[in-house]
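Subject: Handover of a structure, with findings

Dear colleague,

I am handing over the structure below for your records. My findings follow it, arranged by region so that they can be read beside the coordinates.

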Amino acid sequence: MFSLKDAPTTASTLFSAYASFAASMMLVRSMTDQLIPRQLHSYIYSSLSYIFTPLSPHLTLIIDEHSGMTRNQVYDAAELYLRTKISPLTERLRVSKTPRKKTISISIDQGQQVNDTFDNVKLTWRYVCSSDQRSESQNHSLRRHNNNQSSEKRRCFELTFHKKHKDKVVDFYLPHVFAQANAIKQKEKVVKLYTRDPCLGDDENGMGSSIWGSVNLEHPATFETMAMEPELKRAIVEDMDRFVKRREFYKKVGKAWKRGYLLYGPPGTGKSSLIAAMANYLKFDVYDLELTSIHSNYDLRRILLSTTNRSILVIEDIDCSLEMHDRQFNEQQHFVHQQQSNNRLTLSGLLNFIDGLWSSCGDERIVVFTTNHKDRLDPALLRPGRMDIHIHMSYCTTSGLRILASNYLGFHGDNHHHRLWGEIEGLIESAKVTPAEVAEELMKSDDVDVALDRLANFLKHNKVENDETEEEADKIENQEAKRQKMDDHNVNKIGGGGFGRGKGRPMQQ
Ligand SMILES: Nc1ncnc2c1ncn2[C@@H]1O[C@H](COP(=O)(O)OP(=O)(O)OP(=O)(O)O)[C@@H](O)[C@H]1O
Ligand SMILES: [Mg+2]
């Protein structure tokens, strides 16, 4: 143990050690001067001073903004990551926002230091800006790269930690920084809606242009705002969560990493809104593919190949989009050679790309087809395994009504008493109205009384109409049944049994 009593002794010991070290160095220097050629002196002195300088226990990694002419991804990841590590002790921060971003970014300023701990390793980050030593030509090229922003400054992060943790930092900490930065990027990502610009038509080679135009997807739909049965919502979200986590699973079983959803239901039940909610949830871009503007399977393939990973390919009203093309194809199929089918757009062409080539060269793809008439779809589309999940978007249910009333009026049936609420809940399912229609009624007034009054009247009116239609349908069905009975009676009288076309008996091929 060191004590004050020992201090003079220790100091004198140190002093005598230093004196003898200095004397030895003098001796070495005079011997070298005499024995070794002059050209080698500076080399030997610097090596000796390196040997006798106490080694720092720390290692510092320099993470430059650029690696050659391109941006250094470690730098970009660190910049994002360090935003989450800013402590109250930090004195200077940089604040910025670009038009494409929704949020304000905060980052540390030059010279500022940020401490971090990872698996009991203490790490210190420092942001350093200094005058750049690059050649003028490199700077010029970088300036062009950075939209002419000043690039004379060299920016880097210095990451310092104990040397013994080098492997842990490189193998685990830096990947952790990357993963965290990706999560932040994902959260801040502005989802894009891509559509094909019809003005971009065919190019001079007669090929359909595959250029997609994009806008920010500003659709506000989320799973919270969707008027759907809570269990259905939960099931969809869980399915998507499972899908995005299963990269390794898809690789293992040799399946393309894609998922298909078929959304079906009457107009105004929220099919398009659900797609927006899915895109907003996953932060996947949406490619809205208008099949009627595509003329051949060949075009389709080119267009699909120009979409990116982590995206949702949407084909709305699939029953209408391919009807014409397939009919054309069917009418002529006796004459058309297989090779020529590439000149037309066919359902089989679409399904082949989605199942085959295209899906195997992309990752994390979601395909959504929508239709108002599931019964009109080609059986090839409904075959098990083609579309993984079929989602029925129904008329407004009681839970849907509650969500809409809460979203549009801030009215919660459970907490707020209203004379009309019981009646409205009683009517909602039998009135067979869409969430779009309910939303429209609720938007007609900010006054809860007025809005609910209008909704109640609307539901009553629809219920009466539905009842009348059902009565009419029953009447027609009864008459039809009666006529059929008479026919059967006559047939039996004439032919006695046989293979008559009896109603309710499926025709066998
Ligand atoms: N289930 C729902 N939850 C919340 N809002 C809905 C729902 N369904 C419809 N809406 C409202 O109605 C509007 C129209 O709905 P949407 O376009 O999503 O229906 P759709 O099923 O895609 O209709 P279409 O078959 O005509 O394309 C939406 O903008 C939304 O405001
Ligand atoms: Mg729609």
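Two residues are taken to be in contact if their C-beta atoms, placed from the backbone, lie within 7 Å. Among contacts in the chain between residues at least 6 apart in sequence, those that join residues at least 24 apart make up 72%. Please bear in mind throughout that this is a predicted model.

Overall composition

The chain has 509 residues, of which 20% are buried. Its secondary structure comes to 18 helices and 15 strands.

The surroundings of ligand 1

Which residues come nearest to ligand 1? Of the 16 residues around the ligand, they are P267, G270, S272, S273 and A436. Two elements, α8 (271-282) and α17 (435-442), each give two or more residues to this shell. By character, the shell around ligand 1 divides into 8 nonpolar residues, 7 polar residues and 1 charged residue. Ligand 1 lies between domain 2 (193-392) and domain 3 (398-467), because both domains give residues to its shell.

Helix α16 and the loop after it

Helix α16 covers residues 421-431, and its buried residues are W421, I424, I428 and A431. These residues cover an arc of only 90° around the axis, and therefore sit on the same side of α16. The general background is that an α-helix has 3.6 residues a turn, so residues three or four places apart point the same way.

Just after α16 comes K432, with a positive phi of about 50°. K432 takes this positive phi although it is not a glycine. The residue lies in the loop between α16 and α17. Is K432 buried or partly exposed? K432 counts as partly exposed, because 17 other C-beta atoms lie within 10 Å, whereas a buried residue needs 20 or more.

A second residue with a positive phi

D317 also is not a glycine, yet it has a positive phi of about 50°. D317 is placed in the loop between β13 (311-315) and α10 (318-321). Its 18 C-beta neighbours inside 10 Å make D317 partly exposed.

Helix α3 and what covers it

In helix α3 (residues 73-83), the buried residues are A77, A78, Y81 and L82. They lie on the same side of α3, because the arc that they cover around the axis is only 125°. The elements that cover these buried residues of α3 include the strands β1 (58-64), β5 (105-108), β6, β7 and β8 (153-162), together with helix α5 (166-188).

Two of those strands form a hairpin. Strand β6 (residues 113-118) and strand β7 (residues 121-131) pair in the antiparallel sense, over 6 bridges. Within this pairing, T117 has K122 of β7 as its bridge partner. The hairpin has 2 residues between the strands, and D119 takes a positive phi near 50° there.

Helix α5, also part of the cover over α3, contains V169. V169 is buried, because 21 other C-beta atoms lie within 10 Å. Leaving aside residues up to four places away in sequence, V169 touches V121, F161 and L174. The C-alpha atoms of V169 and L159 are separated by 9.8 Å, and these two residues are 10 apart along the chain.

Helix α9

Helix α9 spans residues 297-305, with N297, D299, L300, I303 and L304 as its buried residues. Their arc around the axis is only 155°, which puts them on the same side of α9.

Y264 in strand β11

Y264 lies in strand β11, which covers residues 258-264. With 22 C-beta neighbours inside 10 Å, Y264 counts as buried. Which residues does Y264 touch, not counting those up to four places away in sequence? They are T371, K374, H390, H392 and M393. Y264 and D375 are 111 residues apart along the chain, and a distance of 9.8 Å separates their C-alpha atoms.

Points to look at first

For a first inspection, I suggest ligand 1, which lies between domain 2 and domain 3 because both contribute to its shell. After that, the buried side of α16 and the loop that holds K432 may be viewed together.

With kind regards

Methods:
Residues numbered from 1 in each chain as written. Chains lettered and ligands numbered in written order. Predicted model: local features only at pLDDT ≥ 70, side-chain atom pairs only at ≥ 80, totals over all residues. Buried ≥ 20, exposed ≤ 12 C-beta atoms within 10 Å, placed from the backbone. Helix = DSSP H or I, 4+ residues; strand = E, 2+ residues; numbered from the N terminus. Arc of directions from axis to C-beta. Near = placed C-beta within 6 Å. Nonpolar A, V, L, I, M, F, W, Y, C, P; charged D, E, K, R; others polar. Domains from an automatic or database assignment. Pairing = 2+ DSSP bridges.
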